[in-house]
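Work through the exercises below with the model open. Try each task before reading its solution.

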Amino acid sequence: MTAAKVEIYTRMMCGYCTRAKQLLDAKGVDYVEYDVTMGGPDKARMLQRQPSARTLPQIFIDDVAIGGCDDLHALDRAGQLEAMLATA
């Protein structure tokens with residue numbers, strides 16, 4: 001099995017961003033973090049990928065937008081996160 005590609009868009013001093021990263025860290029997930037605190041090209045890319053994004057973090061697993069921290073934790077509680085994080 002290979003690990004899924006996980007990307008997370010965050011900003012400084014964001015409790016939800018910290019909680020999402022803590023869950024990913026606890027599961028041993030490698031992820032790419034984009035700090036969009038000051039805007040810039042990473043924020044523009046995030047909005048291009050997920051135009052309805054209004055909050056942070058924004059999390060993508062294998063280029064699929066899954067939403068934010070609450071969405072990530074909901075997937076985990078439902079037992080669906082593990083399957084998303086592993087690909088055949």
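**Exercise 1. Place V29 in the fold and describe its surroundings.**

Solution.
- Start with the sequence. V29 sits in the loop that runs between helix 1 (15-26) and strand 3 (32-35).
- Keep in mind that the model is predicted.
- Next, check the accessibility. The relative accessible area of V29 is 16%. The cut-off for buried is under 20%, so V29 is buried.
- Now list the neighbours. Leaving out residues up to four places away in sequence, V29 touches V6, L24 and L85.
- Finally, take one C-alpha distance. V29 and A4 are 25 residues apart along the chain, and their C-alpha atoms are separated by 8.8 Å.

**Exercise 2. Is M38 buried or exposed? Locate it as well.**

Solution.
- M38 belongs to the loop between strand 3 and helix 2 (40-49).
- Its relative accessible area is 78%. Exposed means over 50%, so M38 is exposed.
- For a distance check, use M12. The two residues are 26 apart in sequence, with 9.3 Å from C-alpha to C-alpha.

**Exercise 3. Sort out the cysteines C14, C17 and C69 by their disulfide state.**

Solution.
- Apply the distance criterion: sulfur atoms within 2.5 Å.
- The sulfur atoms of C14 and C17 are 2.5 Å apart, and the pair forms a disulfide.
- The count is one disulfide.
- Get the handedness from the torsion. About the S-S bond of C14 and C17 it is about 80 degrees, so the disulfide is right-handed.
- Then test C69. Its nearest cysteine sulfur is that of C14, 8.0 Å away, and C69 is in no disulfide.
- Compare the accessibilities with the cut-off. C14 is buried at 5%. C17 is buried at 1%. C69 is buried at 3%.

**Exercise 4. Find the backbone outliers around strand 4 (58-61).**

Solution.
- Set the expectation. Most residues other than glycine have a negative phi, and most peptide bonds are trans.
- Check omega. The peptide bond from L56 to P57 is cis, with omega near 5 degrees. P57 lies in the loop between helix 2 and strand 4.
- Check phi past the strand. D62 is not a glycine, yet its phi is positive, near 50 degrees. D63, also not a glycine, has a positive phi of about 65 degrees.
- Place both. D62 is in the loop between strand 4 and strand 5 (64-67). D63 is in the loop between strand 4 and strand 5 too.
- Add the accessibility of D62. At 32%, this residue counts as partly exposed.

**Exercise 5. What is the order of helices and strands along the chain, and how compact is the chain?**

Solution.
- Count the elements. The chain has four helices and six strands.
- Read them in sequence order: β-β-α-β-α-β-β-α-α-β.
- Compare the radius of gyration with the globule rule. The chain gives 12 Å, close to the 12 Å expected for 88 residues, so it is as compact as a globular protein of that length.
- Look at the extents. Along the principal axes, the C-alpha atoms fill a box of roughly 35 × 25 × 20 Å.
- Assess burial. Of the 88 residues, 35% count as buried.
- Check the contact range. Among contacts between residues at least 6 apart in sequence, 63% join residues at least 24 apart.

**Exercise 6. Characterise the surface and the charges.**

Solution.
- The accessible surface is about 5,300 Å², and carbon and sulfur atoms account for 53% of it.
- There are 10 positive and 12 negative side chains.
- The centres of these two sets lie 6 Å apart.

Conventions. Residues are numbered from 1 along each chain as its sequence is written. This is a predicted model: local features need pLDDT of at least 70, side-chain atom pairs count only at pLDDT 80 or more; totals for chains, interfaces and linings use all residues. Side-chain values use heavy atoms; hydrogens and water are left out. Buried means under 20% relative accessible area, exposed over 50%, partly exposed in between (1.4 Å probe, protein chains only). Helices (H or I, at least four residues) and strands (E, at least two) are DSSP runs, numbered from the N terminus. The radius of gyration is taken over C-alpha atoms; the globule rule is 2.2 Å times the number of residues to the power 0.38. Contact means heavy atoms within 4.5 Å. Accessible areas come from the Shrake-Rupley method with a 1.4 Å probe; for residues, only the protein chains shown count as cover. Lys and Arg count as positive and Asp and Glu as negative; His and the chain ends are not counted. The place of a charge is taken as NZ of Lys, CZ of Arg, CG of Asp or CD of Glu.
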